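Dear colleague,

Here is the structure I promised to hand over, with the sequence alongside it. My notes on what turned up in it follow below.

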Protein chains: 2
Amino acid sequence: MNFSKIPLFENIAASECSRMLDCFHSYTLLLKADQEITIQDHFKDCVAVTLSGSVEISRIDINGRKSILEIIGENEMFGRLCSFSPEEYDTVIAKCILPAEILFLPNDQIEKQCSNACQCHSRLISNLLELMSKKTNSLSSRVNLLSQRTIREKLTHYFYQLAAASGSNSFRIPYSMTTLADYLCIDRSAMTRELKNMKEAGIIDAHGRNISLLQ
Amino acid sequence: MNFSKIPLFENIAASECSRMLDCFHSYTLLLKADQEITIQDHFKDCVAVTLSGSVEISRIDINGRKSILEIIGENEMFGRLCSFSPEEYDTVIAKCILPAEILFLPNDQIEKQCSNACQCHSRLISNLLELMSKKTNSLSSRVNLLSQRTIREKLTHYFYQLAAASGSNSFRIPYSMTTLADYLCIDRSAMTRELKNMKEAGIIDAHGRNISLLQ
DNA sequence: CCTTTTGTGTTGCATATGCAACGGAAATCA
DNA sequence: TGATTTCCGTTGCATATGCAACACAAAAGG
């Protein structure tokens, strides 16, 4: 593992990383695309960090409707300590989108004040805090998005996010339209209809997944 | 300030707390009920922790509709580092619900590896991680709630949360119905109507804010 | 105490949105 | 290449939900 490029291990010597991960009984998992991770298996008492790849957390309700709760990108964290509790009565699944390498860190190991070599441990916690902070930001932004009342508002809000991220009024939706609808928790056909309305109203210009915000 | 009862300062001696807070240039704010905190004033580069009281983060859209994004209870954290970014194009306001004492910690002070007395600093960070972890959990749970498609699903999901929290199928909604509607991001009258429907369908029993989950 | 504000339940109406179904395009796969 | 699957846009229909308005209850405030 090349520790030097992983934010979680920033400012920690590679040798220390190996030793620490070993001491923590942490382990990594290689996932192929479309592979599912069952919550209880690994998340029970662990924090998960995607060293590479991408994971989608979603929920399928009894009517078969899928809602995407989170999309976890590279070097982001997820898992029980910082995510959906297993007490939820709906089925929450984590599916690998892009081939991923996932590091699992046992919670109790993180919490314990280790007696030896605390220097790098506290640095790791500090780095975890940084990751957690990013996660909280993205979750907050997600709450803000899902609190929008109408389809048009959700789309607009999401497009503003993309525009801000790309630094331009023209950008490309990074998901398929089907996935986007699941992500916004709305019906796909209704979304397509609303996109057409927004186009006709002169709010946006759209060619496939390429969107331009007008006015 | 009585540090001993505040989770943020757990396992840190009171004398160390004083010294550290002083060194960090942190400060506290006393808020009366209904008082608003403007984002830019305090949150710009700070983490906020409610030592006591309660704060509501909400958004008012151009149509005057209010959506409650978060309700921050005692000993929870909020602020820019872990909340809604100021780049949001809607107006997000933080309002004090119960008289509160809020501690502001500058981000850069937290991040810096202080040269002296790192022991209690790293303990503080560890405690922050704990707070942040709780916050992430509550945000995730919020995403899960808001991702529900229908009013009935939102109500049901929320009631399950209350039931789990109270350890009973009978509980009392802790907010006014108006507030609850804002919290679920739905229309109040539509919510009342749906509650009646659920009652008639035998799913719940409801007398005012007292709810019982049947079946 | 009276006055004012806020909360609550109700209902008629308009419509935004979900749902099902279909055909064609595009992508994947063998 | 051909076969299969996924993706996408469209539309008719039913209805869940937002909205406005109202009356009354409850709470707050002076």
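**The contact between the two protein chains**

In this predicted model, the contact draws 49 residues from chain A and 49 residues from chain B. Between them, chain A and chain B bury about 4,200 Å², of which 52% lies on carbon and sulfur atoms. The polar side of this contact includes 2 salt bridges between chain A and chain B, one of which joins the side chains of Arg65(A) and Glu153(B), with 2.3 Å from N to O. There are also 10 residue pairs in polar contact between chain A and chain B, counted where both residues have pLDDT 80 or more.

As for the elements involved, strand E4 (66-72), helix H3 (107-111), helix H4 (118-146) and helix H5 (151-166) of chain A each contribute at least two residues to the side of chain A that touches chain B, and H4(A) gives the most, with 19 residues. By class, the residues on that side of chain A divide into 17 nonpolar, 17 polar and 15 charged.

**How the copies are related**

Chain A is superposed on chain B by a rotation of 180° with 0.0 Å of shift along its axis, at an RMSD of 0.0 Å. The two copies are thus related as by a two-fold rotation axis. In keeping with the superposition, the same surface serves both copies, with 100% of the contact residues of chain A recurring in chain B.

**The surface near DNA strand D**

Around DNA strand D there are 18 residues, of which Met177(A), Arg188(A), Thr150(B), Ile151(B) and Arg193(B) come nearest, and this list takes in residues of chain A and of chain B. Of the atoms of DNA strand D within 4 Å of the protein, 53% belong to sugar or phosphate, and the rest belong to bases.

Several contacts to the phosphates can be named: a backbone N or O atom of Met177(A) lies 2.9 Å from a phosphate oxygen of DNA strand D, and a backbone N or O atom of Thr178(A) lies 3.2 Å from a phosphate oxygen of that strand. For Lys196(A), by contrast, a polar side-chain atom is involved, lying 3.5 Å from a phosphate oxygen of DNA strand D.

Helix H6 (177-184) and helix H7 (188-200) of chain A, together with helix H7 (188-200) of chain B, each supply at least two residues of this surface, to which H7(A) gives the most, with 5 residues. The residues of the surface near DNA strand D comprise 4 nonpolar, 6 polar and 8 charged.

**The surface near DNA strand C**

DNA strand C is surrounded by 18 residues, the closest being Ile151(A), Arg193(A), Met177(B), Thr178(B) and Arg188(B). Of the atoms of DNA strand C within 4 Å of the protein, 51% belong to sugar or phosphate and the rest to bases.

A backbone N or O atom of Met177(B) lies 2.7 Å from a phosphate oxygen of DNA strand C, while a polar backbone atom of Thr178(B) is 3.0 Å from a phosphate oxygen of this strand. From chain A, a backbone N or O atom of Asp187(A) lies 3.2 Å from a phosphate oxygen of DNA strand C. The elements that give two or more residues to this surface are H7 of chain A together with helix H6 (177-184) and H7 of chain B, and the largest share, 5 residues, comes from H7(B). By class, the surface near DNA strand C has 4 nonpolar, 6 polar and 8 charged residues.

With best wishes

Technical notes. Residues are numbered from 1 along each chain as its sequence is written. Chains are lettered from A and ligands numbered from 1 in the order in which they are written. This is a predicted model: local features need pLDDT of at least 70, side-chain atom pairs count only at pLDDT 80 or more; totals for chains, interfaces and linings use all residues. Side-chain values use heavy atoms; hydrogens and water are left out. Contact means heavy atoms within 4.5 Å. Buried area is the accessible area (1.4 Å probe) that two parts lose on being put together, summed over both. A salt bridge is a side-chain nitrogen of Lys or Arg within 4 Å of a carboxyl oxygen of Asp or Glu. A polar contact is a pair of N or O atoms within 3.5 Å; within protein, one must be able to donate a hydrogen and the other to accept it, and residues adjacent in sequence count only if both atoms are side-chain atoms. Helices (H or I, at least four residues) and strands (E, at least two) are DSSP runs, numbered from the N terminus. Ala, Val, Leu, Ile, Met, Phe, Trp, Tyr, Cys and Pro count as nonpolar, Asp, Glu, Lys and Arg as charged, and the others, Gly among them, as polar. Copies are superposed by least squares on the C-alpha atoms of residues with pLDDT of at least 70 in both. A residue is near a molecule or strand if one of its heavy atoms lies within 4 Å of it.
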